[in-house]
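Trainee: I've just opened this one and I'm new to it. Could you walk me through it?

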Amino acid sequence: MKRIIVLAIAALAVFISILSTGAQNMVKLDKGAFVLVNAKKVLSTETLQEGDRVYFVSPADVWVNETNIVPKNSVFVGYVSMLKMPVKGVNAAISFKITHIILPDGTTREFEGKISNGTSDILGGELTPPASYNKMAHLYQSRWHWSGTTQWVPSGEYEYGQHRGVAPGQKLFIILDKPYYCEERF
């Protein structure tokens, strides 16, 4: 009986040491990290539809603890997750989700994130300028008398929105939705 308990404890110790050495060889890129990317071609609201596949390229290496976790020229594959066409008063808007990465050696790995321009993950969607202005008088009272001025104010009519997109050299970022793990390499 003692021999079985000793063997079980030894097996458990070996199993724990294997797990701990495997965990030490993994490098993690945390959720919320930014990875610089460029579009491979023009991506526009004029030509794309929701669900269309899109490709982005990493222009530089991403290093974590002396490990090149995302090599230069890695290809990020994703899809158009949201597309809104232009309407009167609002420009078109588009957003992208990334599903996986293809490393330069051909290896494919899961890589979940969304594309951002640094301020928002929705590209476009701005208000358009007013189509016309009206002249309006603004009265105010100074210490001794009433005075006024005229000012041009928007009439309430706005121009029709424009299509928006991404140019091939434009710098964008992938914001990770889930941590990305890679084996440690020296």
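Trainee: Which residues have the most contacts inside the largest nonpolar core?

Mentor: Keep in mind that this is a predicted model. Its largest nonpolar core has 31 residues, and the largest share of this core, 4 residues, comes from S8. Those with the most contacts inside it are Val35, Phe56, Ile69, Phe76, Phe96, Phe111 and Tyr180.

Trainee: Which residues does Phe111 touch, leaving out those up to four places away in sequence?

Mentor: Phe111 is on that list of residues with the most contacts inside the core. Its partners include Val35, Phe76 and Tyr180, and these three are on the list as well. In full, Phe111 touches Val35, Val70, Phe76, Ile98, Thr99, His100, Ile101, Ile174, Leu176 and Tyr180.

Trainee: Stepping back, how many helices and strands does the protein have?

Mentor: Let's take the whole chain. Of its 186 residues, 31% count as buried. Among contacts with a separation of 6 or more, 65% are between residues 24 or more positions apart. As for the elements, there is 1 helix, and the strands number 15.

Trainee: Which residue stands opposite Val62 in S6?

Mentor: Start with the two strands: S5 covers residues 62-64 and S6 covers residues 67-70. They run antiparallel, joined by 3 bridges. They form a hairpin with 2 residues between them, and Asn65 in the turn has a positive phi of about 50°. Across from Val62 in S6 is Val70.

Trainee: Is Ala92 buried or exposed?

Mentor: Ala92 sits in the loop between strand S7 (75-84) and strand S8 (93-102). Its neighbours in contact include Thr45, Leu123 and His163. Its relative accessible area is 0%, and buried means under 20%, so Ala92 is buried.

Trainee: How far apart are the C-alpha atoms of Ala92 and His163?

Mentor: Along the chain, these two are 71 residues apart. Still, Ala92 touches His163, and Gln162 and Arg164 are among its other contacts. The separation of the two C-alpha atoms is 5.0 Å.

Trainee: And Leu127, is that one buried or exposed?

Mentor: Leu127 is in a loop too, between strand S10 (123-124) and strand S11 (133-141). Its relative accessible area is 70%, and the cut-off for exposed is over 50%, so Leu127 is exposed.

Trainee: Which residues make the nonpolar surface patch of about 270 Å²?

Mentor: The protein exposes about 12200 Å², and carbon and sulfur atoms supply 57% of that. Leu127, the exposed loop residue, belongs to the patch. The patch is made by Val87, Val90 and Leu127.

Conventions. Residues are numbered from 1 along each chain as its sequence is written. This is a predicted model: local features need pLDDT of at least 70, side-chain atom pairs count only at pLDDT 80 or more; totals for chains, interfaces and linings use all residues. Side-chain values use heavy atoms; hydrogens and water are left out. Buried means under 20% relative accessible area, exposed over 50%, partly exposed in between (1.4 Å probe, protein chains only). Contact means heavy atoms within 4.5 Å. Accessible areas come from the Shrake-Rupley method with a 1.4 Å probe; for residues, only the protein chains shown count as cover. Two strands pair if DSSP finds at least two bridges between them. Patches are made of residues with over 30% relative accessible area and no salt bridge: like charges are joined within 9 Å, nonpolar side chains (Val, Leu, Ile, Met, Phe, Trp, Tyr) within 5 Å. A salt bridge is a side-chain nitrogen of Lys or Arg within 4 Å of a carboxyl oxygen of Asp or Glu. A nonpolar core is a set of buried Ala, Val, Leu, Ile, Met, Phe, Trp, Tyr and Cys residues joined through side-chain atoms within 4.5 Å.
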